[in-house]
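Reader: Hi! I'm in my first year and sheets still confuse me. Could you pick one pair of neighbouring strands and walk me through what sits around it?

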Amino acid sequence: MKKIVLNLALVFAISVLMTSCYTLTYSVGEGAKTGVEVKEKNHYLIYGLAPVKTSDPTKMAGGAKDYTVTIRHTFVDGLLNALTGGIYTPTTTTVKK
């Protein structure tokens, strides 16, 4: 019985540790042309329920008609989320023109 419980705990721990960072990518117009990147952090509280400061991809593009936006949880973002127990949840927005 102890072996079954230990195995289940091990599987659970591995599944929690092996989760990936999420990424959302979308293109505006025909997508990025020049490869110039602009990055900003988004700051949320309580697992992302309360936004404190969010970036505006349109302003980050600087008037470009064609650009690609990527919003992701980087490793550092996930680490900060884990260390604060979900109270502070940052994401990173990257705009490629």
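Author: Sure, let's start with strand E4 (residues 67-72) and E5, which pair in the antiparallel sense over five bridges. Two strands count as paired if DSSP finds at least two bridges between them. Helices (H or I, at least four residues) and strands (E, at least two) are DSSP runs, numbered from the N terminus.

Before we zoom in, a word on what you're looking at. This is a predicted model, where local features need pLDDT of at least 70, side-chain atom pairs count only at pLDDT 80 or more, and totals for chains, interfaces and linings use all residues. Residues are numbered from 1 along each chain as its sequence is written, and side-chain values use heavy atoms, with hydrogens and water left out.

Now find Thr 94, which lies in strand E5. Across from it, Thr 70 stands opposite Thr 94. Thr 94 is buried, with a relative accessible area of 8%; buried means under 20%, exposed over 50%, and partly exposed in between, using a 1.4 Å probe and protein chains only. Skip its neighbours within four places in sequence, and Thr 94 is in contact with Glu 37, Val 38, Lys 39, Thr 68, Val 69 and Thr 70. Contact here means heavy atoms within 4.5 Å. For a sense of scale, Thr 94 and Leu 6 are 88 residues apart in sequence and 42 Å apart in space, C-alpha to C-alpha.

Let's step back to the whole sheet. It's an open sheet of five strands in the order E1-E4-E5-E2-E3, with antiparallel pairing. Strand E1 (23-28) and E3 are the edge strands, each pairing on one side only. From one strand to the next, the twist averages 25°. Angles like this run from 0 to 180 degrees between N-to-C directions, and axes are lines fitted to C-alpha atoms, for helices over the stretch in contact. Helix H3 lies across E2, E4 and E5, running at about 165° to E5.

Back on E4, take Ile 71. Leaving out neighbours within four places in sequence, Ile 71 is in contact with Tyr 22, Thr 23, Leu 24, Asn 42, Thr 91, Thr 92 and Thr 93. Ile 71 also belongs to the largest nonpolar core, together with Met 60, Ala 61, Tyr 67, Val 69 and Val 95. Such a core is a set of buried Ala, Val, Leu, Ile, Met, Phe, Trp, Tyr and Cys residues joined through side-chain atoms within 4.5 Å. Helix H2 (57-61) and E4 each supply at least two residues of this core, and E4 gives the most, with three. As background, nonpolar side chains tend to be buried together in soluble globular proteins.

Follow the chain past E4 and you meet His 73, in the loop between E4 and H3. His 73 is buried, with a relative accessible area of 18%. A polar atom of its side chain lies 3.2 Å from the backbone oxygen of Pro 90. That's a polar contact: a pair of N or O atoms within 3.5 Å where, within protein, one must be able to donate a hydrogen and the other to accept it, and residues adjacent in sequence count only if both atoms are side-chain atoms.

On to the charged pairs. Side chains of opposite charge can pair when their charged atoms come close. The structure holds four salt bridges, each being a side-chain nitrogen of Lys or Arg within 4 Å of a carboxyl oxygen of Asp or Glu. One of them joins the side chains of Glu 37 and Lys 96 (3.6 Å, N to O). Glu 37 lies in strand E2 (residues 37-45) and Lys 96 in strand E5 (residues 88-96), so this pair ties together parts that are 59 residues apart in sequence. Glu 37 is partly exposed at 44% relative accessibility, and Lys 96 is partly exposed at 37%.

Another salt bridge brings Lys 41 and Asp 77 together (2.5 Å, N to O). Lys 41 sits in strand E2 and Asp 77 in helix H3 (residues 75-83), so parts that are 36 residues apart in sequence are tied together. Lys 41 is partly exposed at 35%, whereas Asp 77 is buried at 0%.

Finally, look at the edge: E2 and E3 pair in the antiparallel sense over three bridges. They form a hairpin with four residues between them, and Ile 46 in the turn has a positive phi of about 50°.
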